[in-house]
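User: I'm new to this one. Could you walk me through it?

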Amino acid sequence: MSIKFLFTALSIIILMATLPLPVRASSDARFPADWKQWKLVKSIELPSAETKMPKNMSPLYKETVRRYNWVYLGKSIKLDIYVNPAVMDEYIKGGPYPDGFTAVVAFREANVIFVTEHRNNKAIYGAYDEKGHDITKNHSSFNPKTCAKCHYFYKECRTRYGICSQLPDKPVQQPISK
Ligand code: HEC
């Protein structure tokens with residue numbers, strides 16, 4: 001092997017390592033075709049971008065509102081949380097979950113469906129439109145890494161295996177209000 005060849009190979013490796021990686025986002029969770037038949041456990045109103053958030057709102061909810069209030073062009077929007085009936089008992093208990101679909105949150109008016117699935121006790125995430133087209137590329141806050149960052153950063157979600165919500169009759173967190 002000539003020195004020249006080695007040098008060229010080395011330069012290529014160094015060059016590749018310094019090139020910015022293209023952002024190639026795609027959903028980790030699959031799209032559940034039958035989510036509309038799941039159990040609606042909670043409907044909440046995501047406040048509009050102009051809404052002043054109450055001081056006593058939990059940091060988790062504040063961050064959620066800040067991150068997603070652009071989705072419906074800054075207007076308030078209803079979010080519906082559906083749970084896969086096959087894991088309803090686990091949802092009530094707060095996990096753990098078997099492998100497979102867990103829950104969705106539907107921003108119906110904006111044609112956005114967030115999906116959580118479990119694999120090996122860990123939640124994985126995805127974002128789709130209602131027809132099941134992957135929309136993770138449309139915005140960085142649809143990237144499954146962004147979902148996991150929040151769902152695994154906050155204790156309320158982390159301790160329930162990456163699931164943030166609870167049944168409304170078991171309020172631990174503050175509900176989002178207008
Ligand atoms: C900034 C924090 C944050 C980010 C980022 C986030 N979520 Fe959530 N998510 C929440 C909160 C808070 C709830 C519960 C809302 C409630 O109970 O009122 C929730 C609820 C959900 C639910 C209903 C089941 C559950 O966990 O309660 C799904 C499904 C979900 N999110 C998926 C996603 C997906 C997919 C993404 C990324 C595309 C995402 N989330 C990004 C905070 C976040």
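**Strands and their partners**

Analyst: Let's start with one pair: V115 stands opposite G126 in β5. Strands here are DSSP E runs of at least two residues, helices are H or I runs of at least four, and both are numbered from the N terminus. This is a predicted model, where local features need pLDDT of at least 70, side-chain atom pairs count only at pLDDT 80 or more, and totals for chains, interfaces and linings use all residues. Numbering runs from 1 along each chain as its sequence is written.

User: Which residue of β5 does T116 stand opposite?

Analyst: Strand β4 covers residues 112-119 and runs antiparallel to β5, with seven bridges joining them. Two strands count as paired if DSSP finds at least two bridges between them. Opposite T116 in β5 stands Y125.

User: Which residue in the turn between β4 and β5 has a positive phi?

Analyst: These two strands form a hairpin with two residues between them. The phi in question is about 50 degrees, and it belongs to N120.

User: What are the edge strands of the open sheet?

Analyst: The sheet has five strands with antiparallel pairing, in the order β1-β2-β3-β4-β5. An edge strand pairs on one side only, which fits β1 (39-46) and β5 (122-128).

User: Why is β5 largely enclosed by the rest of the structure?

Analyst: A residue is buried if 20 or more other C-beta atoms, placed from the backbone, lie within 10 Å of its own. Across the chain of 178 residues, 27% are buried. β5 is largely enclosed because the buried residues among its seven number five.

Notes. Buried ≥ 20, exposed ≤ 12 C-beta atoms within 10 Å, placed from the backbone.
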